[in-house]
Amino acid sequence: MQTDLSPEHLDFQQSVRAYMAQSIMTPDFSAELQRPEFNHGGGPVYWQKMRQLGADGWIRLSWPKELGGGGADAVQQYLLVNEAKRAGVPWPSLSANSIGPVLANHAQPAIRDRVVREILDGESYLAIGYSEPSAGSDLANLRTRAEKVDGGWCINGQKIWTSCANFSQYIWLAARTDPDPSLRHKGLSVFLVPTDTPGYSCTPIHTMGVGTNATYYQDVFVPDTHLVGELHRGWPLITGQLNLERLALVSHGHVARIYDETLELLLGDERFRHLLDEPWVRRSMAEAKVKLEALKLMCFRAAWIIQEGGSGMVEASATKVFGSELYVELGRSMGEILGTASLLSDGPEVLAEGYVERWYRRGTVHTFGGGANELQRNIVAQAGLKLPR
Amino acid sequence: MNFSLTDTQIEIRELATRIFRDHTTQERLRQLDRTGYFDEELWRSLASVGLLGLALDEAHGGMGMDFETLAVVLQECGRFVAPVPLVATLVSGALTLQCCTKDSDAQALVAPLLKRLASGEALMTAALPAAKRTAKNAQGVTAVQVNRNWTLSGIRSAVPCADKADHAWVSASCADGMGIFLLDLHATGVAVERQTLTSGEYAGRLVLNHAPADLLAVGQQALDWVATAETLTWAAQAAWATGACAEMVLMGSTYTTERVQFGKPIATFQAVAHQLADACIDTECLRAVSIQASCRLSTEGYMPASAREAALVAKVWAADALHRVSHKVQQVHGGAGVDRDYPLFRYAMAAKQAEVMYGGRETLLPRLEVF
């Protein structure tokens with residue numbers, strides 16, 4: 001067995017790290033991302049950087065070779081997303097790693113090549129339209145309807161938590177195409193909805209942490225060519241990419257960030273150096289390190305399993321539970337070490353440009369976003385341990 | 001990156017599984033529960049297929065395999081809570097002796113012993129210093145040299161297997177700081193008072209009164225010896241613990257799938273299923289860090305800081321996982337789980353013992369270097 005990165009993977013990791021730090025997370029981008037309306041991207045510098053990622057070949061890196069991509073293996077994909085998130089880059093994972101390749105495989109030829117090119121060039125982004133006010137964990141209960149009309153479909157409904165919709169060119173939308181709601185997930189289809197379509201609108205939702213959106217569909221017409229995959233067979237498209245996405249949510253670099261920041265402050269900042277002598281501080285840091293080591297290896301192992309052709313479903317769900325809860329726990333333990341300064345969002349003595357203060361406000365979603373941990377535990381229990389439902 | 005076993009490792013695992021399974025019938029274990037939970041027959045079976053010498057050099061009659069492969073056997077040992085103290089004897093004892101005397105003055109002295117350890121003729125244990133690093137350790141052994149002969153005096157309690165071992169290596173304080181000594185447990189001046197550990201295994205309280213001993217290492221070499229012993233032992237325990245935790249989770253899953261209350265299998269209640277899911281997640285985290293430790297020990301050896309750190313991390317995880325998993329699995333079993341007619345109790349007791357032996361989480365966290 002080999003748990004440390006191979007020389008090739010290490011080189012790759014280093015090159016991504018350097019690229020993100022030097023070419024992408026420039027001060028102007030960093031400043032723009034702190035503005036609430038541009039937290040997830042969408043500002044002028046964001047689009048510049050996305051086009052640069054496209055031009056430099058990073059978005060196509062994770063796409064399969066047969067779709068014109070770089071064919072990066074699952075471990076490389078994980079490393080890519082991990083380094084981007086570590087650097088604080090709003091990596092376009094939906095287009096680059098998950099929905100993009102699904103679209104390339106299942107969209108109809110009439111729209112596929114154009115949309116694919118836009119995505120790979122960093123010109124277009126997608127937002128996911130799955131959740132609704134009455135369909136969160138119980139996604140199969142969704143009610144947004146697509147009715148067949150001449151030449152296409154007429155969509156009515158509402159989506160919530162449609163993050164990035166405010167600057168995306170397309171919504172990847174799950175809608176009910178079979179009028180019988182008791183069919184649940186068997187009556188769903190996926191559509192690509194351009195956000196400049198009449199009848200589509202988007203309003204911001206201000207959360208304690210990041211900004212997101214509600215999107216509304218009032219007699220939104222999409223042509224037949226915008227149905228992705230088979231009619232009524234949207235569910236496999238929805239669930240297909242979930243496992244790698246779950247790993248991306250709790251990637252080691254992302255969760256470790258507050259530990260890294262705290263370590264840097266303890267070692268190099270006059271205000272904190274004296275704490276190195278405190279046994280409780282040393283112990284908290286040691287405990288954090290022990291847990292982060294496990295997260296690192298859980299992510300590697302899940303990515304490796306997916307690379308070897310396994311679904312990685314149980315491993316990804318287990319890692320998501322562990323990583324998300326660790327994220328929250330580290331916020332608490334590192335916050336104690338940093339003390340009152342960790343509460344500052346603005347003004348002199350703010351830590352890490354406010355990154356530390358934002359950790360809690362942005363972080364509580366980790367345990368319910370991307371698949372609530374209760375459901376993830378169900379997956380571990382049922383698919384992993386074969387417990388009866 | 002690779003998380004799969006080699007063909008050789010798979011074969012060895014199958015061999016170990018077969019032998020452990022054959023020797024852990026409930027009937028057999030019940031007999032051993034009352035007599036120190038050590039199976040001579042099992043020990044001889046392992047010896048006969050060379051598994052006791054798996055990680056010892058071929059020059060000593062061993063199989064010369066790497067730590068990763070030994071970890072596979074240790075995991076199976078934990079999986080069956082097999083009544084043979086492999087961590088104490090094969091790792092703290094024999095493997096430590098081999099690793100720490102390589103290219104040292106003591107190499108010639110220990111070669112005959114290593115041969116007998118590889119074949120299973122002799123059994124060796126170790127009296128490591130306490131895992132917690134405190135300014136004063138209340139109990140200790142002192143070594144004194146008269147002419148060219150060393151003798152040891154003092155007391156060491158709860159030394160695993162000391163009741164049945166032929167030899168032990170012991171840490172002692174001497175004029176030059178710390179010394180590591182090889183002790184013949186049948187020699188004059190050595191009294192071994194039998195103690196029973198929570199698992200039912202016997203240990204020994206060594207009462208040494210000018211007991212003759214051979215010097216193996218002194219000063220910095222002795223400190224390195226202890227560091228190596230700890231690294232190897234922690235990694236070995238983590239492998240054992242992975243097997244034990246995985247089996248407990250499996251037991252819990254099987255039980256709750258069959259046990260019906262309120263008209264349905266209790267596994268269908270989320271409060272029950274989620275505890276097992278958490279126990280599974282803990283086990284997988286332990287497995288991951290245990291694999292890292294075994295891998296690094298195999299590819300880098302036991303000296304580099306990265307291997308030592310990985311072993312310490314794995315042992316902390318073992319302590320946590322053993323605690324949480326055994327409690328959750330006992331919880332979902334209810335009364336049936338503590339009944340001695342059901343196998344879970346042995347896992348629970350062995351888990352508690354392995355958690356504390358060689359250092360639990362609070363003892364070891366302060367020893368992890370972060371800065």
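**Entry 1: two helices in chain A, H6 and H7**

I take axes as lines fitted to C-alpha atoms, for helices over the stretch in contact, with angles running from 0 to 180 degrees between N-to-C directions. I keep in mind throughout that this is a predicted model. With that settled, I looked up helix H6 (residues 93-106) of chain A and helix H7 (residues 109-120) of chain A, whose axes come within 10 Å and cross at roughly 170 degrees. Angles over 145 count as roughly antiparallel, and H6(A) and H7(A) are therefore roughly antiparallel to each other.

Who meets whom here? From H6(A) I noted A:Ser95, A:Leu103 and A:Ala104, and from H7(A) A:Arg112, A:Val115, A:Val116 and A:Ile119. The residues of this contact between H6(A) and H7(A) divide into five nonpolar, one polar and one charged.

**Entry 2: a proline in H6(A)**

I stayed in H6(A) for A:Pro101, which has its place in that helix. Is A:Pro101 buried or exposed? A:Pro101 counts as buried, because its relative accessibility is 9% and the cut-off for buried is under 20%. Leaving out residues up to four places away in sequence, I found A:Pro101 touching A:Trp63, A:Pro64, A:Leu67, A:Ser95 and A:Ala96. I also checked A:Pro101 against A:Val116, 15 residues apart along the chain, and their C-alpha atoms are separated by 8.7 Å.

**Entry 3: H5 and H11 of chain A**

Next I went to helix H5 (residues 74-86) of chain A and helix H11 (residues 279-307) of chain A. Their axes come within 7 Å and cross at roughly 140 degrees. That makes H5(A) and H11(A) oblique to each other. On the H5(A) side, A:Ala74, A:Val75, A:Tyr78 and A:Leu79 make the contact, and on the H11(A) side A:Cys299, A:Phe300, A:Ala303, A:Trp304, A:Ile306 and A:Gln307 do. I sorted the residues of the contact of H5(A) with H11(A) into nine nonpolar, one polar and no charged.

**Entry 4: a covered strand, S4 of chain A**

How many residues of strand S4 (residues 170-176) of chain A are buried? Seven of its seven are, and I wrote S4(A) down as mostly covered. In a regular strand the side chains alternate between the two faces of the sheet. I could follow this in S4(A): A:Tyr170, A:Trp172, A:Ala174 and A:Arg176 point one way, while A:Ile171, A:Leu173 and A:Ala175 point the other way, and all are buried.

Then I looked for partners. Strand S1 (residues 126-129) of chain A runs parallel to S4(A), joined by four bridges; one I picked out has A:Ala127 with A:Ile171 as its bridge partner. With strand S5 (residues 188-194) of chain A, S4(A) pairs in the antiparallel sense over seven bridges. There, A:Trp172 has A:Leu192 as its bridge partner in S5(A).

**Entry 5: H14 of chain A and what follows**

In helix H14 (residues 373-384) of chain A, I listed the buried residues: A:Asn373, A:Gln376, A:Arg377, A:Asn378, A:Ile379, A:Val380 and A:Ala381. What do they pack against? The buried residues of H14(A) pack against helix H9 (242-249) and helix H12 (313-338) of chain A, together with H8 of chain B.

Most residues other than glycine have a negative phi. A:Lys386 caught my eye, with a positive phi of about 60 degrees although it is not a glycine. A:Lys386 lies in the segment after H14 of chain A and is exposed, with a relative accessible area of 61%.

**Entry 6: over to H8 of chain B**

Since H8 of chain B had come up, I looked at B:Glu284, which lies in helix H8 (residues 270-300) of that chain. B:Glu284 is buried, with a relative accessible area of 17%. Its side chain is joined to that of B:Arg287 by a polar contact of 3.1 Å. Not counting residues up to four places away in sequence, B:Glu284 touches A:Met298 and A:Arg301.

**Entry 7: positive phi in chain B**

Strand S2 (residues 141-146) of chain B and strand S3 (residues 149-160) of chain B pair over six bridges in the antiparallel sense. I noted B:Trp150 in S3(B) as the bridge partner of B:Gln145. The hairpin of S2(B) and S3(B) has two residues between the strands, and B:Asn147 in the hairpin takes a positive phi near 55 degrees.

My last stop was B:Asp103, in the loop between helix H5 (86-101) and helix H6 (107-119) of chain B. B:Asp103 has a positive phi of about 60 degrees although it is not a glycine. B:Asp103 counts as exposed because its relative accessible area is 72%, where the cut-off is over 50%.

Methods: Residues numbered from 1 in each chain as written. Chains lettered and ligands numbered in written order. Predicted model: local features only at pLDDT ≥ 70, side-chain atom pairs only at ≥ 80, totals over all residues. Heavy atoms only, no water. Buried < 20%, exposed > 50% of the residue type's maximum accessible area, 1.4 Å probe, protein only. Polar contact = N/O pair within 3.5 Å; in protein donor to acceptor, adjacent residues only side chain to side chain. Contact = heavy atoms within 4.5 Å. Pairing = 2+ DSSP bridges. Parallel < 35°, antiparallel > 145°, perpendicular 65-115°, else oblique. Nonpolar A, V, L, I, M, F, W, Y, C, P; charged D, E, K, R; others polar.
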